[in-house]
Every structure is written in structure tokens, then in C-alpha cells.
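This report looks at how two helices pack and how aromatic rings pair. Please view the sequence and the structure first.

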Amino acid sequence: MAASALRGLVAALETHRGRDRAVRALCYGCQLAGGALAGPQASPSGLPGRLLAVSAELSACRTALRLFDDLAMLSYSCGYGLGPKDEDGLVRALSVLCNVANQLYYPCEHVAWAADAGIIRARAQKWWTLSMGLWALSLLLGILRSLRILCQLRKLRQHKGTSSPQSQKEAKAQVKAEVVSILAQVADLSNAIHWLPPGFLWAGRFPPWLVGLLGTVSSLIGIYQASRGGNSEAA
């Protein structure tokens, strides 16, 4: 069993998405541990400072790797198009808007990264704010989409009344998947708002350990979804 688990881990780490999930979980885990150990220190040193430094480097690594994600996102968006015709209209609209927000997120983040690196002349903070706003919008649309699907499943169960055990099992599995997805997206949305300019809701008010906790929760959910054959695009 240990050998099988090791093979599964190696197979996951050999893929871009699998490696990104592992790096993301480690990044937020280090931030959680470093922030918790640092306590109220403004500039932690020692082990907490080193953990937070590791977290920052892993985050920068993920940002650089996302330079190559535009085409994958474009392929997914084109494949989905306006959505299947037999799908609920509101779900399709939310999905399309979510894809548009995700597609715009990448170039905005690339410009911010290039400006920070001194490659181009631009106001990096402006582009970071724009990319973060697009990520927050994408997460909000994803939450609304999942809530709409849950409402549809509830209505379907009420209208059909008694149904076969197999269909009941499938409906319960879909409800569970949507609830788990909402939890992950709410955690990420909380962090996305924190990273927006101060003055907007709770922007800038989270301590490092809380950012790490929320990110760790969403990362572990993403790994769980991937192991169950789901799709997670957490940034």
C-alpha cells in the first residue's frame, strides 16, 4: 500500500497541476506555521521568519509558472464556449463570465510580474490590484454557480419525489462536491479581498497565520477534489 501511495504521489508531482497543488499547500502551510509561531511580531526572525521566507519564495515560484497557463485557460474556455444547451441558462452564464474573468486574470498578473521585475515600465501595484480583483470576481461567480446548482438539485429532488437509489446516490455526491467547492472558494475569496487595497471590506486586516490557514484549507480541498477526479483551479 505504501508503494502504491508513493507511485501516486510521484505521478501527481510529474504533472504541472499536481506539482502546483503540492507547492500551493506547502506555501500556505509555511505561512500558517510561520505566522502562528511569530505571533504579533511585525518582523519575525528565527524559525518563523524562515518559514515566512519559504512561503514567499514558493508564492513567487507559482507566479512565474503561471506565465504559461494562458493557453491552457484559453483552450478550456473555447472548449466550454457558451456551455451545453441542455444546461441551466444561469449556470451557463455564470460559467462563461467566470471563464472570462480567469482569462483576463493571467495577462494582468503577467504585466504586474514584469513590472515588479523591471522588465517593463508600468505601475505594478495597479496591475496586481486588477489581477486580484479579477480573481475575486471569478471566485464569487464560482460560488454563485455552485449555489445555483444546489438550488436546482433541491428542486429536482422535490419534484421527482421518490427516485432510484442510484440517482439518489449521484445527487448526494454532487451536492457534497458543490458544498466542498463553495468552502474552498469562500476561503480563497476571503484571502483575495484581504490582498485588495486597504479600505475595501477587510482588505489588509488578516494576520499571516489566518491567510495561511485559509489558503491551507482551500489547498487541501483542491488536493481532495483532484484525488476524487474533480477540477480545481485555485490560484
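Helix 4 passes helix 5 in a left-handed crossing, that is, the near helix is turned anticlockwise from the far one by less than a right angle. The model is predicted, so local features need pLDDT of at least 70 and side-chain atom pairs pLDDT 80 or more, while totals for chains, interfaces and linings use all residues. Residues are numbered from 1 along each chain as its sequence is written, and side-chain values use heavy atoms, without hydrogens and water.

Helix 4 covers residues 70-80 and helix 5 residues 89-116; their axes are 10 Å apart, at an angle of about 165°. The two helices are therefore roughly antiparallel (angles over 145 degrees). In their contact (heavy atoms within 4.5 Å), helix 4 contributes residues including Met73, Leu74 and Tyr76, and helix 5 residues including Val96, Asn99 and Tyr106. By class, this contact has 8 nonpolar, 6 polar and 2 charged residues.

The structure also holds 3 aromatic pairs, with ring centres within 6.5 Å; planes under 30 degrees apart count as stacked and over 60 as edge-to-face. Two of them are listed here.

| Pair | Centre distance | Plane angle | Type |
|---|---|---|---|
| Tyr105 and Tyr106 | 5.3 Å | 70° | edge-to-face |
| Trp135 and Trp195 | 6.4 Å | 25° | stacked |

Tyr105 and Tyr106 are both buried (under 20% relative accessible area). Trp135 lies in helix 6 and Trp195 in the loop between helix 7 and helix 8, so their pair ties together parts 60 residues apart in sequence. Trp135 is buried at 6% relative accessibility, whereas Trp195, at 34%, is partly exposed (between 20% and 50%).

Note on methods:
Axes fitted to C-alpha atoms, helices over the stretch in contact; angles between N-to-C directions. Helix = DSSP H or I, 4+ residues; strand = E, 2+ residues; numbered from the N terminus. Parallel < 35°, antiparallel > 145°, perpendicular 65-115°, else oblique. Nonpolar A, V, L, I, M, F, W, Y, C, P; charged D, E, K, R; others polar. Phe/Tyr/Trp six-rings, centres within 6.5 Å; stacked < 30°, edge-to-face > 60°. Buried < 20%, exposed > 50% of the residue type's maximum accessible area, 1.4 Å probe, protein only.
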